[in-house]
Structures are given as C-alpha cells and as structure tokens.
Amino acid sequence: MKRLVRGARPPELDGIKGGRPERDRARTHFVDEAKVDGFDFEAYSHRNVRQALAAMGAGKCAYCEAYYDATQPQDVEHYRPKGRIDIDGGKIQPAYWWLAADWDNLLPSCIHCNRLQNHVFPDGSELKSGKGERFPLDDETARGRAEGGEGGEVPLLIDPCREDPVPYLRFVEEDERSIVKPAVEDPRQLAARRARASIDIYGLNRPGLVNARSADLKRIKTSLLNVRFFAHALESAAPDEIATIEERFFDEVAFLRRHASGETGFSAMARPVIEPVFVSLGLTLTL
C-alpha cells in the first residue's frame, strides 16, 4: 500500500435526477422517511467516476497495489460503507449513506481486497479476508450515526489517500515469501492496531498476493545483484566493453526505479529493498 493523490472530483457524483442531487434524495429516504435500506445508489458507479479512480491508482488496487486492470473488473470501494456496517455479532443500518457519492470516500480496489471471501493456502488452511461491509473503529461508541457524524471517529483501516501507509507497514522475507507485518508490534499502540486491522481485513497476506509479491521480490533481488556486478565491472572494463556494460547497468537501474516508484506495483515492498543499494552506489530512485 502506498500513498495516493486524488485528481479532480468528477461532476457525475452529483447524481442529478429529477432536478435533485443523489445525496438530497438519499436524505429524504433515510432521514425523512426513516428507512434503513432500499435506496439505489448510482452516482458512484458512473463510467467517468470509474475512469477517474483508475487514473488515480494507475490501474492498481489502492490497498494491495496489485494490477486488477488485466484480470478483473475494478471495484469502486467505499472506505466508509454506504449501505450497512458489519460488526461483531450484528450489523448497523443504514451506514454512511451521505458518503456514498463523496469523492473523498471512494477508492479503486481489486475484488479480493473489497469482497469478503475465503482464500486457501497450499497446506489446506484457509484465510477469510476482504473488506466487505466492515469498518472497525478504535472506539465503537464514537461511531457517527447521522449525517456528518463521522468526524469524531478513529478508523482502524488505513486510507492511502488520507495518510501515508508506509510508517504502519513493514515487509519481511520469510521462507522466500514477502510478508507484511505491523511496523509497530505493541498492540497497546494505535499504530499497531491499525496496521493489524488493515493487514487482516484487506487480506494483504492472502496466498495469491503473497505469491505475486514474492515473485517481484525475487526479480528485484536478481536485478540488484546485476546492478552491483555491472557497477564493479565498469571499474576495470576495457574501453571497448564500457558502452555495453553501461547499457546493461542502466537497463537494470531503470527496472528498479520503476518498481520503487510504484509504476509496476508493490512499491511499498520494493522501495526499502532497493533504496539502500542505490544509496551505496550513489544512485537516486528518481531521475
């Protein structure tokens, strides 16, 4: 997970129908008529909204950084759920209906981070993950139940548009697998609780994702070995060899820069691995 920057708000989020914005119509439904469900939210799924979200994430999931664009439909993720909130032992309805078309509440997501499902490990064990309708708070009694009431909440889930996720998460290699863990381990600290909830609910260690991240890590480590090798080779290269070695050296450097920047995904894993080597060689992560 890396920090994301929002573009301009798509005007289609107004959801004008019958001369009334969608939020006004939802207010009538949930407040004036005191209904708890049954409203047809549409504005957030407009094609232009989806395109704006895809551009914001460059075709990658806001939570796991995996490409969804080539293999699955984009989910328009509501950071705060619009319809209901699943809590231990029950559900809350309605949820944050007033944020259903709020640009700051929408994120591009893959289906695995957004939809609750079981993932099977090679040993047969299972992991149930995916955000679904969950939105845990550090203090459930502070949950906003009326329009605008979310201001006093302390969410446990990290929103990469509101804050930098990097200080919360660390990537470690275990048995050649890239695993994400809380950067702060003490559960008495809020940072640890937020990291743990985000890892577990978004499913940042689900089997398929770990496999993809680990494969990238292996390629990155091989490329770093090549960079070191070519840098050393240049020190004693014959004049007629320099151009060829430099070409291969800078190809590897460009490959690693793409990974560190997030252009190719998994930058939160890649950057801490690449940066120390670049520093030792006097290289920068950006041109």
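**Exercise 1. The largest pocket**

Task: Find out how much space lies in the largest pocket and which elements line it.

Solution. Start with the volume: the largest pocket holds about 330 Å³ of space. Keep in mind as you go that this is a predicted model.

Next, look at the lining. It consists of 19 residues, and those nearest the centre of the pocket are Ser267, Ala268, Met269, Arg271 and Pro272.

Then ask which elements take part. At least two lining residues come from each of β7 (169-174), α6 (239-261) and α7 (267-280). Helix α7 gives the most, with six residues.

Finally, sort the lining by character: ten residues are nonpolar, three are polar and six are charged.

**Exercise 2. The second largest pocket**

Task: Work out which residues line the second largest pocket, and how they divide into nonpolar, polar and charged.

Solution. The volume of this pocket is about 270 Å³.

Now go through the lining in sequence order. Asp86, Ile87 and Asp88 belong to it, then Arg134, Phe135, Pro136 and Leu137, and after these Glu140, Arg143 and Ile201.

Sorting them gives five nonpolar residues, five charged ones and no polar ones.

**Exercise 3. A cavity**

Task: Determine how many cavities of 30 Å³ or more the structure holds, and describe the lining of the largest cavity.

Solution. A general idea helps here: rolling a probe the size of a water molecule over the atoms shows where empty space is left.

The structure holds one cavity of 30 Å³ or more. About 60 Å³ of space lies in the largest cavity.

Its lining is made up of Met1, Tyr63, Cys64, Glu65, Phe171, Leu204, Arg213, Phe266, Ala268 and Met269. Eight of these residues are nonpolar, two are charged and none is polar.

Compare this with Exercise 1: Ala268 and Met269 line the cavity, and they are also among the residues nearest the centre of the largest pocket.

**Exercise 4. The two sides of helix α2**

Task: Decide which residues of α2 are buried, and where they sit around the axis.

Solution. Helix α2 spans residues 47-57, and its buried residues are Val49, Leu53, Met56 and Gly57. They lie on the same side of α2, because they cover an arc of only 85 degrees around the axis.

Now turn to the other side of the helix, where Arg47 and Ala55 are exposed.

What do the buried residues of α2 pack against? Their partners are the strands β1 (75-78) and β4 (106-109).

One last step takes you past the end of the helix: Ala58 follows α2 and has a positive phi, near 55 degrees.

**Exercise 5. Cysteines and disulfides**

Task: Explain why Cys64 and Cys161 form no disulfide.

Solution. The cut-off needed here is 2.5 Å between two cysteine sulfur atoms.

Take Cys64. The closest cysteine sulfur belongs to Cys113 and is 3.8 Å away, so it is too far for a bond. Cys64 counts as buried, at 4% relative accessibility.

Take Cys161. The closest cysteine sulfur is in Cys61, at 12 Å, and therefore too far for a bond. Cys161 counts as buried too, at 14% relative accessibility.

The count of disulfides comes to zero.

**Exercise 6. The surroundings of Tyr202**

Task: Establish whether Tyr202 is buried or exposed, and which residues Tyr202 touches.

Solution. Tyr202 is found in helix α4 (residues 190-202). At 0% relative accessibility, Tyr202 is buried.

Leaving out residues up to four places away in sequence, the residues Tyr202 touches include Met1, Tyr63, His112, Cys113, Lys131 and Leu157. Lys131 is 71 residues from Tyr202 in sequence, yet their C-alpha atoms are 5.6 Å apart.

**Exercise 7. Unusual backbone angles**

Task: Examine the backbone at Pro94, Glu176 and Phe266.

Solution. As background, most residues other than glycine have a negative phi, and most peptide bonds are trans.

The bond joining Gln93 and Pro94 is a cis peptide bond, with omega about -10 degrees. Pro94 sits in the loop between β3 (90-92) and β4.

Glu176 has a positive phi of about 65 degrees. This residue is in the loop between β7 and β8 (177-182) and is exposed, with a relative accessible area of 67%.

Phe266 also has a positive phi, about 60 degrees. Its place is the loop between α6 and α7, where Phe266 counts as buried at 9% relative accessibility.

Terms used:
Residues numbered from 1 in each chain as written. Predicted model: local features only at pLDDT ≥ 70, side-chain atom pairs only at ≥ 80, totals over all residues. Heavy atoms only, no water. 1 Å grid on protein atoms, 1.4 Å probe; cavity = no way out; pocket = protein on both sides within 12 Å on 5 of 7 lines; lining within 4 Å. Points joined across faces, edges and corners; volume = space filled by probe spheres on them. Helix = DSSP H or I, 4+ residues; strand = E, 2+ residues; numbered from the N terminus. Nonpolar A, V, L, I, M, F, W, Y, C, P; charged D, E, K, R; others polar. Buried < 20%, exposed > 50% of the residue type's maximum accessible area, 1.4 Å probe, protein only. Arc of directions from axis to C-beta. Contact = heavy atoms within 4.5 Å.
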